[in-house]
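Reader: I should like to learn how to read the features of a model such as this one. Where shall we begin?

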Amino acid sequence: MQFTLTQSSLANYSGEAIVVPVASKGAQPEQTQALDKTLNGFIAQILDKKDFKAKAGDSLLVLQANGSRLILMGVGELPLSEKDFIKTTQAAAKTLKGSAATQAIIDINNLTLAKQDASWAHQQLAQSFQGSLYHFDECKSKKANAEDTSNTIQTLEVVASEKLQDAICFGQAIAQGMAFTKKLSDLPANVVTPSYLADEAEKLATLSDKLTTHILDEDKMEELGMGSFLSVSKGSIEPGKIVCMEYMGGKKGDKPHVLVGKGVTFDTGGISLKPGAGMDEMKYDMCGAASVLGTVLAMIKLELPVNFVGILAAAENMPSGHASKPGDIVTAMNGTTIEILNTDAEGRLVLCDALTYAIDTYEPASIVDIATLTGACMMALGGVNSGLFTQNEDLASELMSASESSQDAAWRLPLQDEYQELLDSNFADIANIGGRLAGATTAACFLSRFTKGQKWAHLDIAGTAWNSGGKNKGATGRPVPLLVNYLANKAK
Ligand code: BES
Ligand code: MN
Ligand code: ZN
């Protein structure tokens, strides 16, 4: 979708659809009043009928007598909360997408937000409209209008001054990053293997001079002593990969910020096999890696001046004659010995070696891992918040403020030293599980053993990366908005 800025007005628009904000109470925004005047009170008449309440998230397509489309975008009462604003723009975008219009105009001036400025609003506007275009028909034999773009929106004119251009580009890039993340996540595990993720990373590198990708194969990992990662990947015939994408947009010599994504392309649980029902959703166990790829894509588009590295820890967790068995003891790259008491706690096993490698290789300015790590986190926080674990207060507040401004919610969970003893093992330095209690925290504790002295945080996205079950099933693209905001703040 192309966003173009215009100084013109809704009333003068001669294209296919006009999206106009309508308040449920109080005076209408100026542009709405002006348009209504040229329409001889048509909008006021509609409101009088009371069918359309103009609450935030209400959206109505009406045809005027001359055949042109009007989309009434209910905004509720001003000032708007962030959540209502997002609801509003998403609903209007959906209505527009459902119409046959290929071009439209929108004007969100004078919509006061309780806590945010026009720049934030235009960013979200772009994110909502661009985001509405996502659909997944990769695996359908009949594509929904693959070539036929006649009923998808191609140009959206936005009534706004030039200085909002950057905000619009920012929102659009986030939505494009999310779409990439969602597509990789929604694709099945017989397509998306560790090698597939590595190929996608190499393709990204062709899009920007600032990005270089290198890949560690299993031989290289053997050489580096990554016994923990390999204990997972060796169970599958799909070779494991650690993929490093270095984006050097900032000053030469500035230490990079590092993101490490869990890329378990399918998690059967291994020999500690998961129950069958709903196991298909374990194709989503690579959503952390996919969110890193989506973030890299967004950052390439934005060309922001920051150094960062995206790392994917990609492996398939399978039961086989080569698979690890409960009780096996392996040695991680940093020398820690690990007793694998449950082969289903594989995410931490692949992440720990990727973290060690990242720290040794890049001396990161900060390091954040993103992982669908525990069912316990999903139980605790549901689909609303990602779990944030860190002992670094600065990093906690940087990530929370990125979460806040992107409305990509996260909630801090505890990571005190007192939990560490739950990982004690009789036979090795640590066990890979901590028993029934505090499962999300003990997983974070495990990772903390490999990030000592680092400015490190862990995001558990088990509940937020996809919607479960039924018609709703599908990836969300989270936490791309949070991550892009975090890195963009570093570029300031
Ligand atoms: N990928 C799962 C976590 C998961 C489960 C995410 C369900 C989303 C939905 C992870 O590898 C796992 O299996 N974790 C185990 C850990 C346990 C064995 C300590 C879990 O949470 O049950
Ligand atoms: Mn598992
Ligand atoms: Zn897993």
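Author: Let us begin with the metals, bearing in mind that this is a predicted model. The manganese ion (ligand 2) and the zinc ion (ligand 3) lie 3.2 Å apart, with Asp-267 coordinating both. Asp-267 lies in strand β9, whereas Glu-346 belongs to the loop between β12 (337-340) and α10 (347-362), so this pair ties together parts that are 79 residues apart in sequence. Both Asp-267 and Glu-346 are buried.

Reader: Which protein donors serve the manganese ion (ligand 2)?

Author: One reads a site from its donor atoms and their distances. For the manganese ion (ligand 2), the protein donors are Asp-267 (OD), Asp-344 (O), Asp-344 (OD) and Glu-346 (OE), at 2.0 to 2.2 Å. Asp-344 thus appears with two kinds of donor atom, O and OD. Along the chain, the donors follow the spacing D-x76-D-x1-E.

Reader: What are the protein donors of the zinc ion (ligand 3)?

Author: They are Lys-262 (NZ), Asp-267 (OD), Asp-285 (OD) and Glu-346 (OE), and they lie 1.9 to 2.4 Å from the zinc ion (ligand 3). The spacing of these donor residues in sequence is K-x4-D-x17-D-x60-E. Lys-262 lies in strand β9 (residues 257-267) and Asp-285 in the loop between β9 and α9, so the two tie together parts that are 23 residues apart in sequence.

Reader: Are Lys-262 and Asp-285 buried or exposed?

Author: The cut-off for buried is under 20% relative accessible area. Lys-262 has 2% relative accessibility and therefore counts as buried. Asp-285, at 2% relative accessibility, also counts as buried.

Reader: How is the geometry of each site to be classified?

Author: Geometry is judged from the angles among donor atoms. An octahedral site needs six donors, with opposite donors over 155 degrees apart and all others between 65 and 115. The site of the zinc ion (ligand 3) has 6 donor atoms with angles of 78 to 175° and is octahedral. The site of the manganese ion (ligand 2) has 6 donor atoms with angles of 71 to 168°, yet it is irregular.

Reader: Let us turn to the nonpolar interior. How many residues does the largest nonpolar core have?

Author: The general idea is that, in soluble globular proteins, nonpolar side chains tend to be buried together. Here the largest nonpolar core has 61 residues, and those with the most contacts inside it are Leu-204, Met-245, Leu-293 and Val-368. Helix α9 (residues 287-302) gives the most to this core, namely 11 residues. Apart from it lies another core of 48 residues, including Met-226, Ile-338, Leu-423 and Phe-450.

Reader: Which residues does Leu-293 touch?

Author: Not counting residues up to four places away in sequence, Leu-293 touches Phe-180, Leu-184, Leu-197, Ala-201, Leu-204, Met-245 and Leu-312.

Reader: How should I read the two sides of a helix, taking α12 as the case?

Author: One looks down the axis and notes where the buried residues fall. Helix α12 (residues 393-406) has 14 residues and reaches 20 Å from its first C-alpha to its last. Its buried residues are Leu-395, Ala-396, Leu-399, Ala-402, Ser-403 and Ser-406. They fall within an arc of 135°, so they line one face of the helix. The face of α12 turned away from this buried side carries the exposed residues Glu-393 and Asp-394.

Reader: Where is Ala-457 found, and what is in contact with it?

Author: Ala-457 is found in strand β17, and at 0% relative accessibility it counts as buried. Leaving aside neighbours within four places in sequence, its contacts include Leu-395 and Leu-399. The buried residues of α12 pack against β17 (456-460), among other elements.

Note on methods
Residues are numbered from 1 along each chain as its sequence is written. Chains are lettered from A and ligands numbered from 1 in the order in which they are written. This is a predicted model: local features need pLDDT of at least 70, side-chain atom pairs count only at pLDDT 80 or more; totals for chains, interfaces and linings use all residues. Side-chain values use heavy atoms; hydrogens and water are left out. A nonpolar core is a set of buried Ala, Val, Leu, Ile, Met, Phe, Trp, Tyr and Cys residues joined through side-chain atoms within 4.5 Å. Buried means under 20% relative accessible area, exposed over 50%, partly exposed in between (1.4 Å probe, protein chains only). Helices (H or I, at least four residues) and strands (E, at least two) are DSSP runs, numbered from the N terminus. Contact means heavy atoms within 4.5 Å. Donors are N, O and S atoms within 2.8 Å of the metal (3.2 Å for Na, K and Ca); water is not among the atoms, so sites may look incomplete. Four donors count as tetrahedral if all angles lie between 85 and 135 degrees; four count as square planar and six as octahedral if opposite donors are over 155 degrees apart and all others between 65 and 115; anything else is irregular. The expected span of a helix is 1.5 Å times one less than its number of residues. The arc is that of the directions from the helix axis to the C-beta atoms.
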